[in-house]
Amino acid sequence: MKNKSIYVVITIIALLLILLGSFSTLLDFATDYKWFQELGYTKTFLTKLSAQFKIGVPIFTIIFIAIFSYIMFIKKRYYREIGSRPSKNVEGWLNISLGLVSGLTSMFISSIFVSNLWFSALQFMNKTSFNIKDPVFNKDLSFYIFALPLFKEIVGLLFLLIAMMIILSIILYIIMLVSGIISSRFGKQKVFDMDGRPLGSRIGEIIDRELIKNVFFPVGILASLFFLVLAINYYLNSYELLYSTRGVVYGAGFTDANITLWIYRIAAMVSILSAIMFLRGTMKGNIKGASVGPVILLALLILGNVGNTLVQRFIVEPDEISKEQKYLEHHMEYTQRAYGLKDVEQRDFPVDQDLTREDLANNEDIIGNIRINDYRPIKQVYNQLQAIRLYYNFNGVDIDRYNIDGKYTQVFLSARELNQENLQTKTWINKHLKYTHGYGVALSPVNAIAPDGQPELLIKDIPPVTDVDLEIKRPEIYFGESTNDYIIVNTDEMEFDYPEGSDNKQTMYEGTAGIELKGLNRLLFAIKEKSYKLLISKNINRDSRIIKHRNINKRIRKIAPFIEYDENPYIVVNQQDGKLYWIIDGYTVSERYPYSKPFSEESNMNYIRNSVKVVVDAYNGDVKYYVFDEEDPIIRTYMKIFPELFSNKSEMPDGLMEHTKYPTTLFNIQAEIYKNYHVENPMVFYNEEDLWDIAQEKYMGEVQYVEPIYQMFRLPDADKLEFLLTIPYTPKTKPNMTSLLVARNDGEDYGKLLLYKFPKGRTIQGPMMIESRIDQNTEISEQLTLWSQEGSKVLRGNVIIVPIENSLLYVEPIYLEADSENSFPEVKRVIVAFEDKIVMERSLEEALDRIFGKSKEAKEEKGEEKLEERLKTDELDGESEKLIKKAIETFNKAKSASQEGNWAEYGKYIEELEDILNKLDS
């Protein structure tokens with residue numbers, strides 16, 4: 001009875017300790033459940049817990065039964081061998097100890113299984129076929145993406161389990177030996193062996209005979225299991241040859257497919273043989289017989305390694321291109337597939353360079369969207385001129401396009417967020433009840449510069465002021481990139497809305513976000529946030545709600561951590577409802593795509609798709625995951641696992657769909673891969689005959705690789721202006737351009753990749769060649785040097801390559817930044833290069849006029865001004881009067897030809913008019 005009471009006390013203490021240790025976990029579960037419930041993703045939250053429970057409980061049960069049964073078997077066998085057993089008290093404590101050890105070990109191993117395998121298991125059970133088979137084993141690629149990683153993880157955990165059981169076996173024998181000795185020496189009842197001698201009097205003999213003899217048996221059984229698992233591991237390793245780094249191919253090459261593969265297969269069979277021999281040797285107590293298999297296996301691995309080296313060096317390398325050709329073809333094809341480069345459409349771009357003033361007039365929409373400002377200096381300008389107060393800031397500047405007053409216009413825009421770190425008084429009320437949100441955006445066209453060099457703002461100030469048809473009806477930003485703290489809304493403390501002169505405008509939150517702080521909720525979140533003020537504050541009432549995880553980057557990762565997210569969310573003004581939304585690109589990635597080259601040494605990622613666009617409501621915090629690549633098997637697998645989480649892209653509102661962009665992160669990765677993998681011929685690839693590089697430029701005083709640039713132009717043979725993402729290629733180590741990689745962003749063409757290839761027989765100027773011409777131009781370089789000597793920093797912007805008709809126009813803005821603390825770069829000049837001409841003027845229009853001549857509008861305006869001047873003159877001789885009449889007549893003819901679209905006649909009359917006006921001036 002006394003013993004039972006002790007057991008009950010021990011059990012209660014153990015349960016209390018477990019409960020205390022789990023308190024934080026239970027608190028997290030309760031608060032997270034309420035948060036997911038608020039967002040409408042309860043099933044998504046419970047999917048993980050359900051999977052972990054369904055996997056964890058059976059695994060724990062199986063492992064516990066296996067370990068406890070195994071331990072009991074060892075214990076009984078030990079007693080049978082020594083012919084004795086300890087006293088009942090010692091036996092009772094030993095059984096409790098063994099049960100606890102079995103339970104803790106099972107819990108430890110099952111927790112590792114659950115944490116590592118739950119998502120892999122769900123992917124395996126819901127896997128989607130790629131409908132592409134590998135070229136060596138003829139297995140669908142879904143096996144490598146979803147099945148093989150799971151099998152390898154299970155094998156690794158089985159090795160861990162066997163190792164722990166071996167250690168447990170040794171510890172168990174020591175415990176039982178010690179307990180027997182203690183019981184025999186100090187117990188009331190002596191423990192005797194089969195010969196009638198006290199067990200405690202023969203410690204040395206028992207260690208020599210009993211311990212070693214009895215430990216060998218269970219360890220031998222476990223070693224047999226180890227070799228069986230090792231056989232499975234070698235079998236799986238044969239598939240991992242498709243990620244081999246031996247030789248010139250990433251993936252299985254000649255040596256891997258013809259030598260290493262067979263070594264793994266033979267090693268698997270020898271491992272099975274070793275398991276049998278080890279088990280037989282264990283049963284018979286023959287250590288030498290048990291060690292034969294492992295010795296053979298070791299010899300095989302040594303000989304195999306030597307064989308691999310010899311074949312690679314003396315058979316493959318002397319005839320490498322012949323031996324590796326088909327494996328190179330596999331490598332090239334599967335790398336292109338993995339990075340979405342298999343369907344890049346290649347087109348020729350003739351680069352006629354026959355652009356005329358008439359062509360510019362016909363492409364006025366392209367000229368009007370040439371980027372003569374840059375998002376990095378714009379960020380400084382916005383923060384200097386539009387932050388309004390210290391606690392507001394602009395985190396980054398986004399590039400997008402909007403239909404503004406009927407024109408398709410490329411713009412910069414940035415969200416004005418409230419940064420609580422910059423509050424002068426950081427009280428609890430200010431941080432969590434008062435200063436709760438940012439306000440509005442700043443927006444400016446990419447091509448419009450005020451006379452002082454600053455951008456023209458189409459949306460500015462607080463509340464938002466605009467002269468265009470871009471209205472923001474809900475400018476408050478409760479969710480953003482700087483919103484890192486929880487807030488409580490609908491309290492008795494009014495929220496600060498925005499500054500109004502010397503006063504502040506106040507507001508109350510009218511949205512749907514937040515968890516009600518009624519009843520137990522208030523206590524739960526007070527403990528969670530470690531804030532007693534949340535519990536006792538009189539400003540919090542029954543209608544108050546707590547809004548958590550307001551940082552959009554953390555918010556989306558908490559909901560779906562299995563997706564990789566872009567680091568650059570961008571703000572969107574939905575022109576349909578006037579609200580602000582964030583769009584974040586989500587990627588499905590893998591390290592397990594056969595034969596595909598990893599992107600970098602730092603990252604093993606060798607497969608990527610931009611499968612998801614995540615939208616976050618900046619006011620309500622609603623999060624939507626729209627699937628944009630339904631052909632991606634990984635995202636289709638995720639959709640099976642989390643059916644309530646994902647929506648079809650057709651469900652995205654039109655006002656947001658218009659602003660989806662091909663992400664620069666993905667485009668950068670694809671451009672890096674494609675510079676080597678654009679070739680189709682394995683011989684050319686092997687000899688590195690056609691390597692490209694991303695073009696370089698001088699930017700802000702430093703030479704750098706050109707980054708992807710969003711710009712608007714009309715593709716050859718297309719009628720419509722498009723928002724495009726581009727990056728130029730040059731030959732390796734050369735400055736001339738070979739091609740332009742383009743990603744389309746608009747409408748049904750979204751996501752299509754084009755490569756415009758330039759003529760090989762001509763030198764097409766790359767950005768660095770334009771930079772060199774700027775440095776060599778006396779007029780331009782002298783002016784830049786003069787500004788530098790006057791104490792200003794001269795900074796160069798990006799070289800913008802603008803395709804117009806079948807020609808290329810180069811534009812580069814020049815910034816001046818005063819050498820003072822609060823200065824920011826201002827656009828002072830624009831450089832334009834075309835053919836052998838390069839000019840620097842105050843504006844893009846003036847630079848184009850110098851290269852292509854003045855536009856018809858400019859000429860007409862000049863003609864009208866001169867005529868008006870002459871007609872105002874009091875004294876006119878007869879000759880002047882005739883010239884004026886003729887000028888008026890010629891001007892009217894020119895206007896008629898212009899209205900009829902007869903540009904040849906128009907040009908002739910304008911030239912005549914210039915001659916007449918020149919005569920009048922003389």
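# A guided tour: aromatic pairs, strand 25 and Asn745

Begin by selecting Phe124, which counts as partly exposed at 26% relative accessibility. The model on screen is a predicted one. Add Phe151, likewise partly exposed, with a relative accessible area of 29%.

**Stop 1: the rings of Phe124 and Phe151**

A search of the whole structure finds 49 aromatic pairs. One of them is formed by Phe124 and Phe151, whose ring centres are 5.6 Å apart and whose planes meet at 65°, an edge-to-face arrangement. Phe124 belongs to helix 4 (residues 88-125) and Phe151 to helix 5 (residues 141-186), so the pair ties together parts that are 27 residues apart in sequence. Now extend the selection to Phe137, Phe143, Tyr144, Tyr235 and Tyr239; together with Phe124 and Phe151 they form one aromatic cluster.

**Stop 2: Tyr391 and Tyr435**

Which label suits the pair of Tyr391 and Tyr435? Their ring centres are 5.6 Å apart and their planes stand at 55°, so the pair is tilted; the label edge-to-face is kept for planes over 60 degrees apart. Tyr391 is found in the loop between helix 13 (375-385) and strand 2 (392-394), and Tyr435 in the loop between helix 14 (428-434) and strand 5 (438-439), so the contact of the two rings ties together parts that are 44 residues apart in sequence. Both tyrosines, Tyr391 and Tyr435, are buried.

**Stop 3: charges over rings**

Select Trp262 and Arg265 next. Arg265 lies over the face of Trp262, at 4.9 Å from the ring centre. Then move to Phe628 and Lys649: the charged end of Lys649 sits over the ring of Phe628, 5.6 Å from its centre.

**Stop 4: strand 25**

Select residues 721-731, which make up strand 25. Is this strand enclosed or open to the outside? Of its 11 residues, 11 are buried, so strand 25 is largely enclosed by the rest of the structure. In a regular strand, side chains alternate between the two faces of the sheet. Colouring the two sides separately shows Leu721, Phe723, Leu725, Ile727, Tyr729 and Pro731 on one side, and Glu722, Leu724, Thr726, Pro728 and Thr730 on the other. Both faces are covered.

Now display the strands that pair with strand 25:

- Strand 21 (residues 692-694) pairs with strand 25 in the antiparallel sense over 3 bridges, and Asp693 stands opposite Thr730.
- Strand 24 (residues 709-714) runs antiparallel to strand 25 and is joined to it by 6 bridges; here Tyr710 stands opposite Leu725.
- Strand 26 is also antiparallel to strand 25, again with 6 bridges, and Ser739 of strand 26 faces Tyr729.

Between strand 24 and strand 25, the hairpin has 6 residues, and Asp717 takes a positive phi near 70°.

**Stop 5: Asn745**

Finish at Asn745, in the loop between strand 26 (739-744) and strand 27 (753-757). Asn745 is buried, with a relative accessible area of 1%. Which backbone oxygen lies 3.0 Å from a polar atom of the Asn745 side chain? That oxygen belongs to Phe723, a residue on one of the two covered sides of strand 25. The Asn745 side chain also reaches the backbone oxygen of Ala743 at 3.3 Å. To see the wider surroundings, display the contacts of Asn745 beyond four places in sequence: Arg401, Thr660, Lys661, Tyr662, Tyr710, Phe723, Leu724, Leu725 and Tyr750. Among them, Tyr710 and Leu725 are the residues that stand opposite each other where strand 24 meets strand 25.

Note on methods
Residues numbered from 1 in each chain as written. Predicted model: local features only at pLDDT ≥ 70, side-chain atom pairs only at ≥ 80, totals over all residues. Heavy atoms only, no water. Helix = DSSP H or I, 4+ residues; strand = E, 2+ residues; numbered from the N terminus. Buried < 20%, exposed > 50% of the residue type's maximum accessible area, 1.4 Å probe, protein only. Polar contact = N/O pair within 3.5 Å; in protein donor to acceptor, adjacent residues only side chain to side chain. Contact = heavy atoms within 4.5 Å. Phe/Tyr/Trp six-rings, centres within 6.5 Å; stacked < 30°, edge-to-face > 60°. Lys NZ or Arg CZ within 6 Å of the ring centre and 35° of its normal. Pairing = 2+ DSSP bridges.
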